[in-house]
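User: Could you take a close look at the largest pocket for me, and then walk me through the parts of the protein around it? I work at the bench, so please explain the terms as you go.

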Amino acid sequence: MKKNKIEFPELIKVFSFWLYLLGSSLTLINHGIEMSLWLMTFAVVINVAVSLLPWMGFRWLALSKKGSKTGRWLAVFLNIASWGSFGYAMYFRLRRDLPRFYTMITITTLIWAAEILLFVYSRHAFTDGITGDKLDEN
């Protein structure tokens, strides 16, 4: 069986998700204290940077083209949707509308979790007829 290598940008994306989970958990437990907002914002900024900088020419953050092309584009769509829902949640926090803020943070967490699972699955477990990747060494 072929061993899948985890690339550095993938590790950064997973780290930023864990950091976001820590911040969102602290937000829901401590009613949106400022430290949790900083943690979540830092995680989203890391995720945005790792996602957009390769398109701007930073090749050391570029991921190799493997896995499902459809899954990759769906993961990109969900990633952008999570950024939008996070921005909308911060808007509600600024307005001090905490029930809607909590709802949007929960929605952002669910979207981001779906995105990270789809991202990893489409790169390492799923094969697509377009890319021709295989999991076995035949």
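Analyst:

**The largest pocket and its setting**

The protein's secondary structure comes to four helices and zero strands, where helices (H or I, at least four residues) and strands (E, at least two) are DSSP runs, numbered from the N terminus. Along the sequence this reads as the pattern α-α-α-α. Please keep in mind that this is a predicted model, in which local features need pLDDT of at least 70, side-chain atom pairs count only at pLDDT 80 or more, and totals for chains, interfaces and linings use all residues. Residues are numbered from 1 along each chain as its sequence is written, and side-chain values use heavy atoms, with hydrogens and water left out.

Now to the pocket itself. On a 1 Å grid over the protein atoms alone, a pocket is an open set of points where a 1.4 Å probe fits, with protein on both sides within 12 Å along at least five of seven lines. The largest pocket holds about 510 Å³ of space; a volume here is the space filled by probe spheres set on the points, and grid points are joined across faces, edges and corners. Its lining is made of 25 residues, and Ser51, Trp55, Leu63, Arg72 and Val76 lie nearest the centre. A lining residue has an atom within 4 Å of a point.

Which helices take part? Helix 1 (8–30), helix 2 (34–52), helix 3 (69–94) and helix 4 (98–124) each supply at least two residues of the lining. Helix 3 gives the largest share, eight residues. By residue type, the lining divides into 14 nonpolar, four polar and seven charged residues. In this count Ala, Val, Leu, Ile, Met, Phe, Trp, Tyr, Cys and Pro are nonpolar, Asp, Glu, Lys and Arg are charged, and the others, Gly among them, are polar.

Let's go on to burial. Of the protein's 138 residues, 39% count as buried; buried means under 20% relative accessible area, exposed over 50%, and partly exposed in between (1.4 Å probe, protein chains only). Helix 1 offers two examples of buried residues. Serine 16 is in helix 1 and is buried because its relative accessible area is 0%. Its C-alpha lies 9.5 Å from that of leucine 39, with their positions 23 residues apart in sequence. Serine 24 is also found in helix 1, and with a relative accessible area of 4% serine 24 is buried too. Serine 24 and isoleucine 105 are 81 residues apart in sequence, yet their C-alpha atoms are 6.8 Å apart in space.

The loop between helix 2 and helix 3 brings us to the surface. Methionine 56 has its place in this loop and counts as exposed because its relative accessibility is 59%. Methionine 56 belongs to a nonpolar surface patch with Ile6, Phe8, Leu11, Phe58 and Trp60, and together these residues have about 710 Å² of accessible area. Patches are made of residues with over 30% relative accessible area and no salt bridge; like charges are joined within 9 Å, and nonpolar side chains (Val, Leu, Ile, Met, Phe, Trp, Tyr) within 5 Å. The areas come from the Shrake-Rupley method with a 1.4 Å probe, and for residues, only the protein chains shown count as cover. Lysine 65 lies in the loop between helix 2 and helix 3 as well, and at 69% relative accessibility lysine 65 counts as exposed. Its C-alpha is separated by 8.4 Å from that of arginine 123, 58 residues apart along the chain.

Finally, the link between helix 3 and helix 4. Arginine 96 lies in the loop there, and its phi is near 60°, a positive value in a residue other than glycine. Arginine 96 is exposed, with 65% relative accessible area. A search of the whole structure finds one salt bridge, that is, a side-chain nitrogen of Lys or Arg within 4 Å of a carboxyl oxygen of Asp or Glu. The partners are arginine 100 and aspartate 97, at 3.7 Å, N to O. Arginine 100 is partly exposed at 47%, whereas aspartate 97 counts as buried at 18%. Threonine 103, in helix 4, is partly exposed at 43%. The C-alpha atoms of threonine 103 and alanine 89 are separated by 8.0 Å, and the two residues are 14 residues apart along the chain.
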